[in-house]
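Please open the model in your viewer and keep the selection tool at hand. The tour goes from the protein chains to the DNA strands.

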Number of protein chains: 2
Amino acid sequence: MTGEEAPARGRSATLSDVAKAAGVSLATASKALNGKDQVRAETRDRVVRAAERLAFSPNALARSLLAGRSGTVGLLTSDLEGRFSIPIMMGAEDAFGAGRVSVFLCDARGDSIREQHHVQALLSRRVDGLIVVGSSTDPRSSLGRNLSVPVVYAYAPSEDPADVSIVTDNVDAGRRAVEHLVGAGRTRIAHITGDASYAAARDRAKGVTDTLDRLGLQLAGGSVLFGSWNEPWGRGAARLLLDRDEQVDAIVAGSDQIARGVLDALHDRQLRIPEDIAVIGFDNWTVLATNSRPQLTSVDLRLEELGRLAAQRLFEAMDGDVRPGVETLQSRVITRGSTTPSH
Amino acid sequence: MTGEEAPARGRSATLSDVAKAAGVSLATASKALNGKDQVRAETRDRVVRAAERLAFSPNALARSLLAGRSGTVGLLTSDLEGRFSIPIMMGAEDAFGAGRVSVFLCDARGDSIREQHHVQALLSRRVDGLIVVGSSTDPRSSLGRNLSVPVVYAYAPSEDPADVSIVTDNVDAGRRAVEHLVGAGRTRIAHITGDASYAAARDRAKGVTDTLDRLGLQLAGGSVLFGSWNEPWGRGAARLLLDRDEQVDAIVAGSDQIARGVLDALHDRQLRIPEDIAVIGFDNWTVLATNSRPQLTSVDLRLEELGRLAAQRLFEAMDGDVRPGVETLQSRVITRGSTTPSH
DNA sequence: AAAGTTACCGAAAAGGCTTTCGCCACTGTA
DNA sequence: TACAGTGGCGAAAGCCTTTTCGGTAACTTT
């Protein structure tokens, strides 16, 4: 019965189909559906109903082409499997998604050729902006200054100070870890962390040692134990520490993974946690932190918030409001059983 | 010096700018840049150089509008933070990315309203296809049959058998776990797994018990221990099992998380792994499996391969080659120290 | 030298939408 | 009755690209 007003087979309905079905012109149909006020209520109704009947879905490509903005952004990451991209992406999607922005996700796999290729593709698709998520906190090379769209670097800052970067403040995070432990009455604090070639390891260590200095405390174990970012190192380093017969009453672990290893080693020595030794990690990686014995206190780097902030800064930049430089985000301690007795 | 051939400020160069700069027509410029053979080599050169000089980037929006295909696909997930979406996404990006397809990533947060909203947005952007990734292996509701673009369901199958679904074969995975253990000489095998309301738990359990039956073996512990998908349950269930004074020599854990809990409990009882009791998990979650003592043998569900396959099926469907129904992917056992002595 | 090929190139349409501007038919006022 | 003012609608331009088709010039053939 509605046969003759249906669009050609296979094609989805166009605005022109809707206009024809409603008996109005293209222009009027457009105005009716977009809520412009130059159309009578009765006419608008007719158009809207025709659109529904035809399951009309406006072609965003055509619209973007005309508007000069696509309502899309590119998210360029280098470690999808890693721990960092995902929450940041969630935060960004969150900040964008409420509205009308869609996100292109690209993983460069750490390959700068592939990254360049992705950037080209995204620019060709006329994204309105780019968020570049690093895989570590070490500064990364800039995509360049004249990219036709604004770029925000998240997690890993750009080497170019003229770019907009949002990072977590790892020095501050180290400080918070120590202050939390000191607040819990600990004074003999050691620090076991990851690979010293990572800025994250060095920054957190600086935060830890500076804060101990400031409070007039010695770093237990004599020096920061740098190693690698995994459980075996956590176990090994903890054993090392205990074998030195140090009077350690708290350990700052450079990551939740390391912390898990530390917990295991302490467990093996029949030490009570937190009564004998308190342990705190970084990342607040729920799967690791909430399943340990006891649950692990951890410094939460608020990566989702980082993502949201990056999205927000990108919006601002798209409106021409660019604030170059590195912006840092404060972390917070999530307290669990490994630093406070469950009573 | 090149001032008069530059496009208007702010705008990026269009093909028309390039044509003007090269002193040819729009049509010729297009042909030259797209490798058509109706243009003299010298002319092509002139155009290509002009394009480079102007940093011309072809507008994919206009191109898509004309071609009727956008070269984009939508990836609709419901658990970005979960374990499953990411590898699948990697695989899909992999299969697509080599060519010229970009991926829109959307997270519905388990909310069907939001999902519907995302689908609308993606259709409006004229994606060429959709991949829907579930957050568990339980069947999910279909997006519907008349969606104007092909849809492939990955990990969680669609309830509608007319849809195309790709899933991991969890029954088969359970079988492989048991056969691996039996192959390692074990005969008193128990099964500790997650929440029985999950199809994944039930399917793997079925694979385990069926295979034991077939081999004429009894399930140690009397029955499958259903619980929850985390370490504490793994620890608790393992203790339960040992307290029953069973002669267990192997445990199939329903996930790597549960397996970690099991390992801890066995450790507490001074049992040697794998000499006294072998342990195998599911998921092959590297962070968990490779950092345990000993490293954890695990059934790898090959989620990346699942993603690749989904992308491939989507391609085929885009070419009109649709194969409705549920396709299953076989898993494989990754052998590590928890089932084979380290030497 | 006239006719027929070839090789290059350009004009124009198409794709779906938004927006400006002009047109028409009203309404209210002098 | 004539006028300005207003509300509702349509024609057409424009966004950027690809592709078809027709045209021009140079070349070959008899």
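The stops below cover the two chains and then each strand.

This is a predicted model, in which local features need pLDDT of at least 70, side-chain atom pairs count only at pLDDT 80 or more, and totals for chains, interfaces and linings use all residues. Residues are numbered from 1 along each chain as its sequence is written, while chains are lettered from A and ligands numbered from 1 in the order in which they are written.

**Chains A and B.** Select both chains. A turn of 180 degrees with a shift of 0.0 Å along the axis lays chain A on chain B with an RMSD of 0.1 Å (least-squares superposition on the C-alpha atoms of residues with pLDDT of at least 70 in both copies). This is the relation of a two-fold axis. Now pick F104(A): its C-alpha is the nearest to the axis in chain A, at 2.2 Å. Both copies use the same surface, as 100% of the contact residues of chain A recur in chain B (contact: C-beta atoms, placed from the backbone, within 7 Å).

**DNA strand C.** Select the residues near this strand (C-beta atom, placed from the backbone, within 6 Å of it). There are 27, and L15(A), A27(A), A62(A), S25(B) and A27(B) are the closest. Two or more residues each come from α1 (15-22), α2 and α4 of chain A and from α2 and α4 of chain B (helices are DSSP runs of H or I, at least four residues, numbered from the N terminus).

**DNA strand D.** Move to the 25 residues around this strand, where A27(A), T28(A), L15(B), A27(B) and A62(B) come nearest. Colour α2(B), which gives the most to this surface, with 4 residues.

Notes:
Contact = placed C-beta atoms within 7 Å.
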